[in-house]
Amino acid sequence: MTKARDIMTGGAECVGAEETVLDAARKMKDLGVGALPICGTDNKLKGVLTDRDIVVKVLGAGKDPATCPAGELAQGEAVTIGADDDVQEILRTMSAHKVRRLPVIDGHDLVGMVAQADVARSLPDPQVGDLLQALSTD
C-alpha cells in the first residue's frame, strides 16, 4: 500500500513563527511552493501558511506583510499525517479537515508535505473525484 512518505515532497522548509509574512512570501517564491509549514522557536509545527492566507488574511485585511508575523496566521493545532499512513488515511484526513496540503511527520520531525495533487496521482480515478468533491463542498 502506498504511504505518505512515498508520495510526499520531502525536505519541507518551515517559515519561523516570528518571521514576517513578506519573508514567507519570498521563501514561497524561491522554493516554487504555495504553502509553508509554520514552525515555532521550539521547532514544533504551529500550522501551515498558504499563498491564499497571505492574500486574504494579510493583504485583503489591510495588514502590512513586512511587519505581520507568520505565526499570527497559525490557527489552532496543525493537521498532519504520519509518514507511514496510507493514502486512504491521507484521503480521510484531507476530506475531514477540508485541507489540500498536509505536513508529513515522522515521529516528531517534519519530513515533507503531501498536496492534493500528490494524492490524486496515486489514486484510481473514482477516488480522485471523491477527494475533489469533498474538498470543494462547504
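User: Which residue takes a positive phi just after α2?

Analyst: That is Gly 32, with a phi of about 70°. A word on the source: this is a predicted model, where local features need pLDDT of at least 70 and side-chain atom pairs count only at pLDDT 80 or more, while totals for chains, interfaces and linings use all residues. Residues are numbered from 1 along each chain as its sequence is written, and side-chain values use heavy atoms, with hydrogens and water left out.

User: What makes α2 a helix?

Analyst: A helix is a DSSP run of H or I with at least four residues, a strand is a run of E with at least two, and both are numbered from the N terminus. Helix α2 covers residues 21–31, so it meets that definition. The protein chain has 6 helices and 7 strands.

User: Why are β2 and β3 said to pair?

Analyst: Two strands pair if DSSP finds at least two bridges between them. Here 2 bridges join β2 to β3 (residues 35–39), so the definition is met. The two strands run parallel, and Gly 16 stands opposite Cys 39 in β3.

User: What makes β2 and β4 the edge strands?

Analyst: Each of them pairs on one side only. They belong to an open sheet of 3 strands in the order β2-β3-β4, with mixed pairing. Helix α2 packs on this sheet and touches β2, β3 and β4, where a contact means heavy atoms within 4.5 Å.

User: Which residues of α2 are buried?

Analyst: Val 21, Ala 24 and Met 28 are. Buried means under 20% relative accessible area, exposed means over 50%, and partly exposed lies in between, with a 1.4 Å probe and protein chains only. Their cover includes β2, β3, β4 and α3 (51–59).

User: How do you know on which side of α2 they lie?

Analyst: The buried residues cover an arc of only 55° around the axis, so they are on the same side of α2. That arc is taken from the directions from the helix axis to the C-beta atoms. On the other side, Lys 29 and Asp 30 are exposed.

User: In which sense do β6 and β7 pair, and over how many bridges?

Analyst: Strand β6 (residues 101–106) and β7 pair in the antiparallel sense over 6 bridges, and Ile 105 has Leu 110 as its bridge partner in β7. Their hairpin has 2 residues between the strands, and Gly 107 takes a positive phi near 70° there. Strand β7 (residues 109–115) is also joined to β1 (residues 9–10) by 2 bridges, again antiparallel.

Notes
Axes are lines fitted to C-alpha atoms, for helices over the stretch in contact, and angles run from 0 to 180 degrees between N-to-C directions.
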